[in-house]
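Colleague: I would like a close look at one part of this model, the place where the chains meet. Please take me through the contact, and then through whatever else in the chains deserves a look.

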Amino acid sequence: MSAARFAVTSDVLSLDALTKSVMTHHAGPVGAVTSFLGLVRAENLGRVVSYLDYEAYEPLAVKGFSRIADEISELWPGASIGVHHRVGRVDIGQASIAIVATSAHRADAFAACRYAIERVKQIAPIWKHEHFDGGDVWIEGATAEPDDEGARLEARKRACT
Amino acid sequence: MHVTVRLFARLKDIAGAPELERDVPADATLADVWALLAHDFPAMAPYRGSVSGARNAEYSRMDAVIADGDEIAFLPPVSGG
């Protein structure tokens, strides 16, 4: 059985497993596969980061990934994606998120992959707890409003430039 | 009515618990539940403009009316990826 296309997990992420799962789901010809791995950086805003501890509202995060996939199907018909996100402690250099996009041609696969990471950052109910040299802090980014058209347009713009 | 409230990240730290139980009047909205919490935990009040809500693990507007037994969640600004 292949891995789920959308998942929140404390396991180390595998692009191979995610790619297999997206390929299994994909209907129609595949001519391009793109992927994105987000890694934990050793530095953030001048702080020396020790590690990140991720928290998620798991059922809604998985639904959020699925919703982003639906948006992508509308924007780039024939493109499919998969998203796996870590929770718990993630050390420097490890992947916190893996995204795979498939489509018939490369342009849509690149665009879908970029759009997916922008949308995850906008709406997925996931939080980074940064542990750095001297303390710890919850990182707060975007207010999660999936129906905010402005945010969707911004993500689309970034995906297509 | 009785609801369960899920809290995450900084909101969880402020409340000192990931989950709370609250009794609310009939026809209460998510915003009403939020007002209760902001009253109990004044440090949450500054999040009023940036918090978003979920009802039974679905994204929800803050003006949505809730039902007895619902699981309400309040999401501080997200930072996944």
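Modeller: Here is the interface, followed by the cores and two backbone details. Keep in mind that this is a predicted model.

Start with the extent of the contact. Chain A puts in 30 residues and chain B puts in 25 residues. Together the two chains bury about 2300 Å². Of that area, 56% lies on carbon and sulfur atoms.

Next, the polar side. The interface of chain A and chain B has 2 salt bridges. One of them pairs B:Glu58 with A:Lys63. Their closest N and O atoms are 3.2 Å apart, and the cut-off for a salt bridge is 4 Å. Polar contacts across the interface link 21 residue pairs, with both residues at pLDDT 80 or more.

Which elements of chain A supply at least two residues each to the side that touches chain B? On the helical side, they are helix 2 (58-75) and helix 3 (106-123). The strands are strand 4 (47-56), strand 7 (95-103), strand 8 (126-132) and strand 9 (135-139). By residue type, this side of chain A divides into 18 nonpolar, 6 polar and 6 charged.

Now the cores. The largest nonpolar core has 46 residues. A:Tyr57, A:Ile72 and A:Ile81 have the most contacts inside it. Helix 3 of chain A gives this core its largest share, 8 residues. Take A:Ile72 as an example. Leaving out residues up to four places away in sequence, A:Ile72 touches A:Pro77, A:Ala79, A:Ile81, A:Ala112, A:Tyr115 and A:Ala116. A second, separate core has 22 residues. Among them are B:Ile14, B:Met44, B:Tyr47 and B:Ile66.

Last, the backbone. Most residues other than glycine have a negative phi. A:Leu45 is not a glycine, yet its phi is positive, about 50°. A:Leu45 sits in the loop between strand 3 (43-44) and strand 4 of chain A. A:Leu45 has a relative accessible area of 70%, so it counts as exposed, the cut-off being over 50%.

Chain B has a case too. B:Asn56 has a positive phi near 50° and is likewise a residue other than glycine. Its place is the loop between strand 3 (52-55) and strand 4 (58-60) of chain B. Is B:Asn56 buried, partly exposed or exposed? The relative accessible area of B:Asn56 is 37%, so this residue is partly exposed.

Conventions. Residues are numbered from 1 along each chain as its sequence is written. Chains are lettered from A and ligands numbered from 1 in the order in which they are written. This is a predicted model: local features need pLDDT of at least 70, side-chain atom pairs count only at pLDDT 80 or more; totals for chains, interfaces and linings use all residues. Side-chain values use heavy atoms; hydrogens and water are left out. Contact means heavy atoms within 4.5 Å. Buried area is the accessible area (1.4 Å probe) that two parts lose on being put together, summed over both. A salt bridge is a side-chain nitrogen of Lys or Arg within 4 Å of a carboxyl oxygen of Asp or Glu. A polar contact is a pair of N or O atoms within 3.5 Å; within protein, one must be able to donate a hydrogen and the other to accept it, and residues adjacent in sequence count only if both atoms are side-chain atoms. Helices (H or I, at least four residues) and strands (E, at least two) are DSSP runs, numbered from the N terminus. Ala, Val, Leu, Ile, Met, Phe, Trp, Tyr, Cys and Pro count as nonpolar, Asp, Glu, Lys and Arg as charged, and the others, Gly among them, as polar. Buried means under 20% relative accessible area, exposed over 50%, partly exposed in between (1.4 Å probe, protein chains only). A nonpolar core is a set of buried Ala, Val, Leu, Ile, Met, Phe, Trp, Tyr and Cys residues joined through side-chain atoms within 4.5 Å.
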